[in-house]
Amino acid sequence: MGPLWLVVLLLVTESTRAHNTTVFQGVAGQSLQVSCPYDSTKHWGRRKAWCRQRDEEGPCQRVVSTHSLWLLAFLKKWNGSTAITDDALGGTLTVTLRNLQDHDAGFYQCQSLRGSEADTLQKVLVEVLADPQDRQDTEGLWAPEESGSPEGVPVERSFSRSLSRETPFPPTSILLLLAFVFLSKLLAASALWVVAWRWQKLGTSPASGLDSGYDTGHLQTLTGPRSP
């Protein structure tokens, strides 16, 4: 790693401190998983999105968002090599970047969508390392910087690891979906029972009147006319 690249890393680190940006590092060719925790109560019922910024303060272009039906947000949705999934009850948005390349490095945001507006859940800086040795050098470089600025915000780092299988569905979201399906079926069954009961009530009332009239006439026929 050249001196110029080391200086760039130092400048980026100092910049991210001031803006509470979380740094995630991954190795080229591997997968990187980014987790953005949030307040599930505050952002209840909202779709989530992952967007990319041209620079730290520039506009954020959306890359991928969760399913349009909020209850299906736990299903992983892909756009190219980027996937997003949301644990709505647990309050964790997870973004997977598969087969990292140098052009994937840059500034991103985890967002909570509110109509045409978007709230920032977490600012993210993705760095792509050429090999594990570069990652170790970066750790040694950044270690003394963490204690050098008492007023700065600590920068979180996450290193990529090979994903042999897909991340399982968040159990809290599955329970939410199952509860919704069960409630829907219960309401549908109740509505059908009410409709059937009302039709049965409307159908038996006229029939009862007809049967009553038939029985009276038949009885008069059998007994004959009354004497004056």
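Residues with a relative accessible area between 20% and 50% are called partly exposed, those under 20% buried and those over 50% exposed. These terms are used in the legends below, which describe a predicted model.

**Close-up 1. Arg114 at its salt bridge with Glu117.** R114 has a relative accessibility of 38%, so this residue counts as partly exposed. A salt bridge joins R114 to E117, with 3.3 Å between the closest N and O atoms. E117 is likewise partly exposed, because its relative accessible area is 45%.

**Close-up 2. Arg114 at its salt bridge with Asp119.** R114 also forms a salt bridge with D119, and here the closest N and O atoms lie 3.0 Å apart. D119 is partly exposed, its relative accessibility being 21%.

**Close-up 3. Asp119 and Arg46, a pair from separate parts of the sequence.** The closest N and O atoms in the salt bridge between D119 and R46 are 2.8 Å apart. D119 belongs to strand 9 (residues 117–129), whereas R46 is in the loop between strand 2 (32–37) and strand 3 (48–53), so the salt bridge ties together parts that are 73 residues apart in sequence. R46 has a relative accessible area of 17% and is therefore buried.

**Close-up 4. The network of salt bridges.** R46, R114, E117 and D119 are linked in a network of salt bridges. Side chains of opposite charge can pair when their charged atoms come close. The structure as a whole holds four salt bridges, among them the pair of D119 with R46, the pair of E117 with R114 and the pair of R114 with D119.

Technical notes:
Residues are numbered from 1 along each chain as its sequence is written. This is a predicted model: local features need pLDDT of at least 70, side-chain atom pairs count only at pLDDT 80 or more; totals for chains, interfaces and linings use all residues. Side-chain values use heavy atoms; hydrogens and water are left out. A salt bridge is a side-chain nitrogen of Lys or Arg within 4 Å of a carboxyl oxygen of Asp or Glu. Helices (H or I, at least four residues) and strands (E, at least two) are DSSP runs, numbered from the N terminus. Buried means under 20% relative accessible area, exposed over 50%, partly exposed in between (1.4 Å probe, protein chains only).
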